Amino acid sequence: MFTKSKYILSAALLGLLVSFAPASQLEAAPVKKASKPFLVQNPGLPHLTMLVKKMWNSEKLALTKKQKKELLQVRKETLRSVMNLKQKIMPLEQTIVQLSQQGASPQKMKKLVDEVARYKAQATMTHLKCIYETKKILTPKQLKTLLHK
């Protein structure tokens, strides 16, 4: 956890590094992998419906027809919500990067950052709901099988 003095020291060290770095190194590298729309990243929270999908017809998991129907509904709702939020987050993040590269002040970007944070919080809540609902559908034995695959 950062104390005020550690924060100030970190900021000072970052400032020193930036002051010695050539301008060409200060530009953001092209993003090769899409960022995840969640506040809590893996491995912190499992993507249970993805694990279920991989074991959909597994004899070990032994999903019933009713469970499959319910799990499909949870996955459908989750993906719809997260994809919608991701479409809102990505352009905002790109705008923040561009403004930062152009030398915009943090205060100018604050509303954008707050908006990204709000959407990422919503996506994280969707993820938590998905985990909760999936766990309610699976038996304890199925959940153990799924998580220890």
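1. I begin with T78, which touches T126 and C130 when residues up to four places away in sequence are not counted. T78 is found in helix 4, which covers residues 65–101, and its relative accessibility is 14%, so that it counts as buried under the 20% limit. E77 also has its place in helix 4, but E77 counts as partly exposed because its relative accessibility is 35%. The C-alpha atoms of E77 and T126 are 8.9 Å apart in space, with their positions 49 residues apart in sequence.

2. These are readings from a predicted model, and the confidence values deserve attention before any detail is taken up. The mean pLDDT of the protein is 82, and 75% of its residues reach 70 or more. Over residues 1–26, however, pLDDT stays under 50, and for that stretch the model has five contacts beyond four places in sequence. Where pLDDT is low, the predicted coordinates should not be read in detail. Helix 2, assigned to residues 23–26, should be treated with that caution, as pLDDT is under 50 over residues 1–26.

3. As to the overall make-up, the protein has six helices and zero strands, and from the N terminus on its elements run α-α-α-α-α-α. Of the 149 residues in the protein, 28% are buried, while the accessible surface comes to about 11300 Å², with 62% of it belonging to carbon and sulfur atoms. If one takes the contacts between residues at least 6 apart in sequence, 75% of them join residues at least 24 apart.

4. Two of the helices can be described by their spans. Helix 4 has 37 residues and reaches 53 Å from its first C-alpha to its last, which is close to the 54 Å expected at 1.5 Å a residue. Helix 5, residues 106–137, has 32 residues and reaches 45 Å between its first and last C-alpha, close to the expected 46 Å. A span close to the expected value should not be taken to exclude a bend here, since helix 5 bends by about 30° at L112.

5. The backbone shows two positive phi values that a colleague may wish to inspect. G103, just after helix 4, takes a positive phi of about 90°. A62 has a phi near 50°, a positive value in a residue other than glycine. Most residues other than glycine have a negative phi. A62 lies in the loop between helix 3 and helix 4 and is partly exposed, with a relative accessible area of 43%.

6. Which residues touch the most other members of the largest nonpolar core? Of its 14 residues, they are L48, V52, L61, L63, L71, L138 and L146. Helix 3 (48–54), helix 4, helix 5 and helix 6 (140–147) each supply at least two residues of this core, and helix 5 gives the most to it, with three residues. For L71, the contacts outside the residues up to four places away in sequence are V52, W56, L63, T134, I137 and L138. Apart from this core lies another, of 13 residues, and L92, I96, L99 and M109 are among them.

7. The loop between helix 2 and helix 3 holds F38, and the question is whether this loop residue is buried or exposed. F38 counts as buried, because its relative accessibility is 10%. Residues up to four places away in sequence aside, F38 touches H47, V82, K120, A123, T124 and H127. F38 and T124 are 86 residues apart in sequence, yet their C-alpha atoms are 4.9 Å apart in space.

8. The contact between F38 and A123 can also be followed from the other side. A123 is found in helix 5 and is buried, with a relative accessible area of 0%. Leaving aside neighbours within four places in sequence, A123 is in contact with P37, F38 and L85. The C-alpha atoms of A123 and K36, which are 87 residues apart along the chain, are separated by 9.5 Å.

Definitions and conventions
Residues are numbered from 1 along each chain as its sequence is written. This is a predicted model: local features need pLDDT of at least 70, side-chain atom pairs count only at pLDDT 80 or more; totals for chains, interfaces and linings use all residues. Side-chain values use heavy atoms; hydrogens and water are left out. Helices (H or I, at least four residues) and strands (E, at least two) are DSSP runs, numbered from the N terminus. The expected span of a helix is 1.5 Å times one less than its number of residues. The bend at a residue is the angle between axes fitted to the seven residues ending there and the seven starting there. Buried means under 20% relative accessible area, exposed over 50%, partly exposed in between (1.4 Å probe, protein chains only). Contact means heavy atoms within 4.5 Å. Accessible areas come from the Shrake-Rupley method with a 1.4 Å probe; for residues, only the protein chains shown count as cover. A nonpolar core is a set of buried Ala, Val, Leu, Ile, Met, Phe, Trp, Tyr and Cys residues joined through side-chain atoms within 4.5 Å. pLDDT is the predictor's confidence in each residue, from 0 to 100.
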